[in-house]
Amino acid sequence: MQPVGETYETDVVQETATEYMDLMAFKRTSFRFQSQQHCRVDERDEAAFEAFKKTGVLEVADDDHRLTRQRAQLSGGRALQRVQVVVPPVSEYLRYSFAYFDHFTRAGEDVRILDASKTSLEGLPDYDFVLIDDEVVIKIVHSRQDGSVIGRELMTNADVARFRDYRDRALAAAVSFAEYRDHG
């Protein structure tokens, strides 16, 4: 990916769960662009991640907080979309994420994969972001050391039309998660 030059003012926001959920709330649409290939797994998921690495199986309870949140987000006709960039070889972290993607897609999220070995990433950003209701852009900031999320920046004067274009190009170039999972 070529870094895309952006100039914007930011408000570093969050770090309580309530503030994060308020920030990520949406009325109509939420699009998430994910370019990270590695990320430190949250403490509450470490045991599941270690078990997954050994067995390749991830058991997710129907009342898992991610699925519960997702069902609430998708109520009332709202749309939840995500494009995950994949740069082969696929990392253990992404394999683990894919196990969740299976559950997310069954719950109604439109998850797609943009395989960098098959599609050019030229002109797309080299960072993660969320576009909410086609109006609000939030940059997800990751640690360079372990990939963990260290903050979220509300991009207060971002060129929103540019981020809509990123979304549209990423969605058009990506394949459904099911197609990627079944055919690579």
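Visitor: How many aromatic pairs does a search of the whole structure find?
Guide: Happy to start there, with the reminder that this is a predicted model. Rings count as a pair if their centres lie within 6.5 Å. Searching the whole structure on that basis gives 14 aromatic pairs.

Visitor: What kind of aromatic pair do F98 and Y180 form?
Guide: The two ring centres are 5.7 Å apart, and the planes meet at 75 degrees. Planes over 60 degrees apart count as edge-to-face. The pair of F98 and Y180 is therefore edge-to-face.

Visitor: How many residues apart in sequence are the parts that this pair ties together?
Guide: F98 belongs to helix 4, while Y180 belongs to helix 6 (residues 177-183). Both F98 and Y180 are buried. Because the partners sit in these two helices, the pair ties together parts whose separation in sequence is 82 residues.

Visitor: And F101 with F104, what kind of pair is that?
Guide: Here the centres are 6.4 Å apart and the planes are 40 degrees apart. Planes under 30 degrees apart would count as stacked and those over 60 as edge-to-face, with the rest called tilted. The pair of F101 and F104 is therefore tilted.

Visitor: Where do F101 and F104 both lie?
Guide: They are 3 residues apart, which is about one turn of the helix. F101 is buried at a relative accessible area of 2%, and F104 is buried at 8%. Both of them lie in helix 4.

Visitor: Which residues do ring pairs link into a cluster?
Guide: The pairs we have just discussed, F98 with Y180 and F101 with F104, have their residues in it. The full cluster is F49, F52, Y96, F98, Y100, F101, F104, F177 and Y180.

Visitor: How are helix 2 and helix 4 oriented to each other?
Guide: Helix 2 and helix 4 (residues 92-106) pack with their axes 10 Å apart, at an angle of about 100 degrees. Angles from 65 to 115 degrees count as roughly perpendicular. The two helices are therefore roughly perpendicular.

Visitor: How do the residues of that contact divide into nonpolar, polar and charged?
Guide: Helix 2 contributes A48, F49, F52 and K53, and helix 4 contributes E92, Y93, R95, Y96 and A99. Tyr counts as nonpolar alongside Ala and Phe, while Glu, Lys and Arg count as charged. The division is 6 nonpolar, no polar and 3 charged.

Visitor: Is D45 buried or exposed?
Guide: D45 is placed in the loop between strand 2 (29-34) and helix 2 (46-55). Leaving out residues up to four places away in sequence, D45 touches R66, Y96 and Y100. Its relative accessibility is 10%. Since buried means under 20%, D45 counts as buried.

Visitor: What is the relative accessible area of L114?
Guide: L114 is found in strand 4 (residues 110-115). Beyond its neighbours within four places in sequence, L114 is in contact with V83, Q84, V85, V86, T119, L121, L124, A173 and A174. L114 is buried, and its relative accessible area is 0%.

Visitor: What distance separates the C-alpha atoms of L114 and F177?
Guide: Along the chain, L114 and F177 are 63 residues apart. F177 also belongs to the ring cluster. The C-alpha atoms of L114 and F177 are separated by 9.3 Å.

Visitor: Finally, how many helices and strands are there in the protein?
Guide: From the N terminus on, the elements run β-α-β-α-α-β-α-β-β-β-β-α-β-α. Of the 184 residues, 46% are buried. The protein has 6 helices and 8 strands.

Terms used: Residues numbered from 1 in each chain as written. Predicted model: local features only at pLDDT ≥ 70, side-chain atom pairs only at ≥ 80, totals over all residues. Heavy atoms only, no water. Helix = DSSP H or I, 4+ residues; strand = E, 2+ residues; numbered from the N terminus. Buried < 20%, exposed > 50% of the residue type's maximum accessible area, 1.4 Å probe, protein only. Contact = heavy atoms within 4.5 Å. Axes fitted to C-alpha atoms, helices over the stretch in contact; angles between N-to-C directions. Parallel < 35°, antiparallel > 145°, perpendicular 65-115°, else oblique. Phe/Tyr/Trp six-rings, centres within 6.5 Å; stacked < 30°, edge-to-face > 60°.
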